[in-house]
Structures are given as structure tokens and as C-alpha cells.
Amino acid sequence: MREVDAYGKGIYRILERIIAYSPKNLVDLFSAESGLGPASYAACGTGFEGSIAAVDGSNAIVLDAGSYAVAAVRAGESTFREGTRLHRGITSPCLAAIGPERKCEEFVKLYRRCFQTIPETPLYSDDPVQASAVLRDTLEYSVARRLADTLDAGDLLLLDGALTASHASHQPVILDLLKRCRRRGVLLAAVTKRSSVTWGNGYPLVPAAAGLADRCGIDHPWYVGIPDSLLEAPRFKEWQQGAIFVARLHPRACRAFKVELPRYAQPEAIERTFAALARYSDDGRIAGYPVPLMEAHRLVKIDRDLVEQMRQDLIGAMSGAGMRIEDYLTMFGDIHDEFERY
């Protein structure tokens, strides 16, 4: 028998963990612990005639000097009505220096520009990737706030992610967004591409809820509300503002998604929200995922080509300021680029 090396042992260890968190009786455990059954799954309607506006953002590290980095972020929206795109818009790419100061001053400037006030909690530069994600979220909430003030009552504002702050400074921003939507009668929802919500002994929520729907023979678009008591406590429970649902938005969809709605949402608003989501989740490219969100994602994505363009623009500006390419390579050169030559 071939000796199993450290790598092979690692594969087995990971496999054991995957099996532990996805046991064969996952649906039985979920059914018993949640108390959910066929009657818990509501059918998504199709009669939505309002507008649906989706917001998404993107972030990337353009330059990394080790002690500090330059990040790029942007956000945008895609609005649909009567099945066709009505409008779309995107912010200019925002370049931000992260570090070497521990507190990210660029965050204060961006926050003030977006919300006309300064953040109560500073953003630290220790993790440039995480910091750039917070900058991205700041822009996203700014776009969402503008839409909340311009959409009509009964329209749906759709966010990518959750109604949960990823940074303490965003907690008042989300609360303000909820108030604006509620005051103006605008529906609000957040769809998560990949959910970390668990129940029981660390079991993933979405596969369990979808598995129970399949067990029950539900073959139409559905949604199900998840009791708070079932879920394992999030890291910052006070930051979580949404009621949690799981939904499969198209009969041919291969996956379900976690959806969050405001806790104040009444049954009629919940039904209307899921009717809107199902109405716009019938695109053959990714059946079951809201098209406006997919379009917003494609619109704002900062890909490799754009990152390289920004990098060249910065190099050009450095050259214009009298700096040499050797200076650039000293500060931002990556030895891994040299490795790839051999």
C-alpha cells in the first residue's frame, strides 16, 4: 500500500470535516430542529410591476508596497422595470491609500463625502484587503441611499450581501437606510451569493433548507422564513438588522440563496418582495439569481485589465513627477513577477 504523505493526510482531514458538516441525515436533523415542513415554504408570486434597483460594488489592490497599499473601489446600480433595463450608473473608480498610518484617513474623507459626516469608528490599515472591502461598502451604501430617496413606493431596492454592517461605522448608515425605505414605502432586500449562516453544530443553513424543500417535493419558486432561535449567534448580533429567509427563485435553479428583509416588513411586503425577486430571476444564464444584481456585478467589476490600466496611470503620473521606473520597482516591485520568468 502506498504510504500516505502529509498532503494526502490533509485531503482526508478536510474530507472528514466536509462530511461532518454535511452529514447524510442533514435534512432529517434540520427538519427535527427547525420544526419546518411543507407548509412553511411559501410560493413566490409573479405579479410585480414596479421597478427593481440593484446595488453592487467592487474592490481591488492596485499597488502594494508592503507597508502601505493603494486600493481601487467603485459601486454602481442597475434598475429594471417591466422586464427591461431602465437605467444603470456607476461611480468613478476611487483610489485610496491604505497605510502606513494605522488609521485610514482616506476612509474618513470618503465617508464624509458619502454621508456628510465623519465615521464614529476609525478604519485601521492593518489588513489592506479588508480595509478596501469596507471602502467598497461605503460607496455601495451611498448609492443605495440615493436610490432609497428616488425610487417610488412599492419599488424594490436590492443589495448584494446582507443587512448587516461589516464595520461599526456602517451601523448608523444601515439604520438610516432602513428608515428611509420604510418612510417612503420602498421595499428593501439583500441577497447573499455565499452565506456563512449556520445552525445546530455548525451546519450550513442554505443547503439544509433547500434539501428539505426537495424532500417535500416543492418544485415551484419558494421562500421560507428562518426562526432566529434556530440560528447560531453571529459575531456581532447587534449589527444584524434583517430577518433571514432562504429562497429558490426559479424552478430550474441549481441553488438557493439566503435573503434578508427588514424586520419591520409585513407579510404583504414580504410577498411582494419575493414576487419581484422571482419575476427577475428567470434569465437562462444564471436561472434563480436576480438579473439586476448580476447586471450590477458585471457593471462594477474591477478586473485585471482595469487594475493594470490604473497601475499604468499611476506609473505615468510618477514619471511626470520626475520619478524613475527604478523608483517604482523599489517601492512596488514584486519578486514573484521575477520568479514567473523562470
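Is Tyr280 buried or exposed? Tyr280 is buried, with a relative accessible area of 4%. The model under review is a predicted one, and the points below should be taken with that in mind.

1. Tyr280 and its ring partner. Phe80 and Tyr280 make an aromatic pair with an edge-to-face arrangement, the centres lying 6.1 Å apart and the planes meeting at 70°. This pair ties together distant parts of the chain: Phe80 belongs to strand β3 (residues 69-81), Tyr280 to the loop between α7 and α8 (291-300), and 200 residues separate them. Phe80 counts as buried because its relative accessible area, 7%, is under the 20% cut-off. Tyr280 falls under the same heading at 4%.

2. A charge over the Tyr280 ring. Arg279 sits over the face of Tyr280, 5.0 Å from the ring centre. Another case of this kind is Arg102, which lies over the face of Tyr124 at 4.2 Å from the ring centre.

3. Other aromatic contacts. The structure holds 12 aromatic pairs. Phe30, Trp199 and Tyr203 are joined into a cluster by ring pairs. When checking such contacts in a viewer, recall that a pair of aromatic rings is described by the distance of the centres and the angle of the planes.

4. Salt bridges: the count and one example. Side chains of opposite charge can pair when their charged atoms come close. Over the whole structure, 18 salt bridges are found. One of them joins Asp160 to Lys193, with 2.6 Å between the closest N and O atoms. The two residues come from distant parts of the chain, 33 residues apart: Asp160 is in strand β6 (residues 156-160), and Lys193 is in the loop between β7 (187-192) and β8 (198-199). Asp160 is partly exposed, at a relative accessible area of 22%. Lys193 is also classed as partly exposed, at 41%.

5. Arg248 and Asp214. A salt bridge connects Arg248 and Asp214, their closest N and O atoms being 2.9 Å apart. This contact again links distant parts of the chain, since Arg248 lies in strand β11 (residues 242-248) and Asp214 in helix α6 (residues 205-215), 34 residues apart. What is the burial state of each partner? Arg248 is buried, with a relative accessible area of 11%, whereas Asp214 is partly exposed at 47%.

6. A buried pair and a network. Lys258 and Glu260 form a salt bridge through their side chains, at 2.7 Å from N to O. Both of these residues are buried. Elsewhere, Arg85, Asp283, Arg285 and Glu295 are joined into one network by salt bridges that share partners.

7. Backbone points to check. Most residues other than glycine have a negative phi, and most peptide bonds are trans. Which peptide bond is cis, with omega near 0°? The bond from Gly99 to Pro100 is cis, and Pro100 is placed in the loop between β5 (94-98) and α3 (105-115). Glu82, although not a glycine, has a positive phi of about 55°. Glu82 lies in the loop between β3 and β4 (84-90) and is exposed, at 59% relative accessibility. Gln116 is not a glycine either, and its phi is positive at about 60°. Gln116 is in the loop between α3 and α4 (128-150); with 60% relative accessibility, Gln116 counts as exposed because the value is over 50%.

8. Ala269. This residue is part of helix α7 (residues 267-279). Ala269 counts as partly exposed, at 23% relative accessibility. Its C-alpha atom is 9.3 Å from that of Leu188, a residue 81 positions away along the chain.

9. The second largest pocket. Its volume is about 410 Å³. Which residues lie nearest the centre of the second largest pocket? They are Arg311, Phe332, Gly333, Asp334 and Asp337, out of 15 lining residues. Strand β2 (51-64) and helices α10 (325-332) and α11 (335-339) are the elements that give two or more residues to this lining. By class, the lining is made up of seven nonpolar, two polar and six charged residues.

How values were computed. Residues numbered from 1 in each chain as written. Predicted model: local features only at pLDDT ≥ 70, side-chain atom pairs only at ≥ 80, totals over all residues. Heavy atoms only, no water. Helix = DSSP H or I, 4+ residues; strand = E, 2+ residues; numbered from the N terminus. Buried < 20%, exposed > 50% of the residue type's maximum accessible area, 1.4 Å probe, protein only. Phe/Tyr/Trp six-rings, centres within 6.5 Å; stacked < 30°, edge-to-face > 60°. Lys NZ or Arg CZ within 6 Å of the ring centre and 35° of its normal. Salt bridge = Lys/Arg side-chain N within 4 Å of Asp/Glu carboxyl O. 1 Å grid on protein atoms, 1.4 Å probe; cavity = no way out; pocket = protein on both sides within 12 Å on 5 of 7 lines; lining within 4 Å. Points joined across faces, edges and corners; volume = space filled by probe spheres on them. Nonpolar A, V, L, I, M, F, W, Y, C, P; charged D, E, K, R; others polar.
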